[in-house]
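Me: I would like a close look at one part of this model, a single helix and what surrounds it. Please give one connected account.

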Amino acid sequence: MRTSTQPAYSSDDSNAQRSGVPALRTVPSEGPFQALHSALHQPDPAPAARERGAALLRDTLARGDLPPATLPEDPNELHTWMARNHAAVAAQYEEYLTARREGAGRRYFTNRAHALYFLRAVAPTKLVDGSWLYGLLRHARNPRLEELVRTYLEELGDGAPDKNHVVLYRQLMARYGLVQGPALADALHEQGAVQLALAWNAEDFLPEVIGFNLGYEQLPLHLLITAYELNELGIDPYYFTLHVTVDNADTGHARQACDAVLQLLPRHGGADAFWHRVREGARLGDAGLGTARVIADFDIAAEVVRIFQGKCGAGQGMHSDYCRVAGRSVNEWLSEPGRMDAFLEALVHAGWICPGRPVAESRFWGLLQGPRAEMFGVFSPYELQVIHDWIRGAEASADGQAYFEPAAANEARRRPTFRALQRARRGDPGPASTEDVLDPDLVAFKDRLRTLDAAAQFDALVHAMSPSEHWTPVGLYATRRFVSAHP
């Protein structure tokens, strides 16, 4: 159903198999999807990058491994189709909740590290949330595009930082230390690249943009389960619960998407061909690695190896030679990134790491956390959580304990937290605007706007609301100005 990549590691090493540490072959390097994602995630992508994006869309639509179109053959049945899907998801979610009430374990996340891994892995898509509609913003004066422009503005939170979806996801990543960590596989950038390609090629792919939006804005089961299990693990689920509400089938983006299709169907010939392209465009939402695949790909031992491998460049030469592991200095070990699996194996054999035991019993953990942690700050919060859960083992770490909290505090936290988080969020109004933000670009942008006529101001606002800019102080300010002029 979805594309796949060869794993970056092999577990055929006998020593690695004994300790659960796989033998890592290579660090993922920038591949074609990541390169295109980067090239299109710019204020002004080069014409060549936009054409590469268009080529990606054509190639993806021509692929035979994507699921067939699920939209109805008759567009007049869209609202019935939406209601049927909504009812099916609601029934499936109730089955999940019933199973959980009867004692079933989490379906998605085995431990806290697993959940944080997922949040990092899907970041290339989440950080361009809503981008597929950007190309329509320049045509906001067309009343037939009203629903789609409104959807894009809502993805941007109408310029409010606490409602802008990308701002929220960036805050989520910062809160849990997810910015740093092992390089992400190229395939994780594919869906984001598709969305950016739609953003910068809307004129040539209008039916596909509409179809993608129609399919992508329908409420999926995985969103509900993700929010529930993040909440259970004490990880703020607000970004995901927000999508549950804004994508609702009554007044939300799911309904808006259906209405937009019916509004834009050609009235002067070519309706069948247009609808065919809309149905094909919905299939683009299945490009890349989906939620289930990303979750299933988590291998905590392999992730630990990748984390250690990523430290070799900065750590080599920073250690004295008095401490030796398996007859080699730490500097010698770090000089060979490809042997980090063997290094971890040596630490286990030397008693520095005690797998399957509380982390306090591992001397290595004492170097990372505690009053005399000589390596404090070397690993990011995300990396510490992965190491913490790997040392404790699958069974013990299933309790969702956070690496920075004692067991008693974690036990007290083992209850739903979403309502508490919501109360805390309401008590802290946060930045309602960017008027008081110290930002040189914002000052320059305001000064420039004052020199422009109405048409040039419109162009400047649209430019500042691009997928790479709308979350910045300038982009948020531009969004509010745009909304006030185009309510």
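Reply: What follows takes one helix, H4, then one residue within it, and then some other parts of the chain.

The model is predicted, and that applies to each value below. Helix H4 covers residues 78–101. Its length can be checked against the expected rise: at 1.5 Å a residue, the 24 residues of H4 should span 34 Å, and the end C-alpha atoms are 35 Å apart, which agrees. After H4 comes Gly 103, which has a positive phi, near 105°.

Which residues of H4 are buried? They are Leu 78, Trp 81, Met 82, Val 89, Tyr 93, Tyr 96, Leu 97 and Arg 100. An α-helix has 3.6 residues a turn, so residues three or four places apart point the same way. The buried residues of H4 pack against four helices: H10 (206–216), H11, H13 (253–264) and H14 (271–282).

Arg 100 belongs to this buried set. Its relative accessible area is 14%, and because buried means under 20%, Arg 100 counts as buried. The side chain of Arg 100 makes a polar contact of 2.7 Å with the side chain of Glu 232. With neighbours within four places in sequence left aside, the residues in contact with Arg 100 are Gly 105, Arg 106, Tyr 228, Glu 229 and Glu 232.

Helix H11 spans 221–232, and the loop between H11 and helix H12 (238–246) holds Leu 233. Leu 233 is buried, with a relative accessible area of 0%. The C-alpha atom of Leu 233 is separated by 5.5 Å from that of Gly 400, a residue 167 places away along the chain.

Another helix to look at is H16, residues 300–310, which is mostly covered, with 10 of its 11 residues buried. The buried residues of H16 include Glu 303, Arg 306 and Gln 309, as well as Ile 300, Val 304, Ile 307 and Phe 308. At the start of H16, the backbone nitrogen of Ala 301 has a side-chain oxygen of Asp 299 within 3.2 Å.

Last comes a pair of helices, H2 (residues 32–40) and H3 (residues 47–62), whose axes come within 9 Å and cross at roughly 130°. H2 and H3 are therefore oblique to each other. The crossing of H2 past H3 is left-handed. On the H2 side, the contact is made by Phe 33, Ala 35, Leu 36, Ala 39 and Leu 40, and on the H3 side by Ala 49, Arg 50, Arg 52, Gly 53 and Leu 56.

How values were computed:
Residues numbered from 1 in each chain as written. Predicted model: local features only at pLDDT ≥ 70, side-chain atom pairs only at ≥ 80, totals over all residues. Heavy atoms only, no water. Helix = DSSP H or I, 4+ residues; strand = E, 2+ residues; numbered from the N terminus. Buried < 20%, exposed > 50% of the residue type's maximum accessible area, 1.4 Å probe, protein only. Polar contact = N/O pair within 3.5 Å; in protein donor to acceptor, adjacent residues only side chain to side chain. Contact = heavy atoms within 4.5 Å. Expected span 1.5 Å × (residues − 1). Axes fitted to C-alpha atoms, helices over the stretch in contact; angles between N-to-C directions. Parallel < 35°, antiparallel > 145°, perpendicular 65-115°, else oblique. Left-handed = near helix turned anticlockwise from the far one by under 90°.
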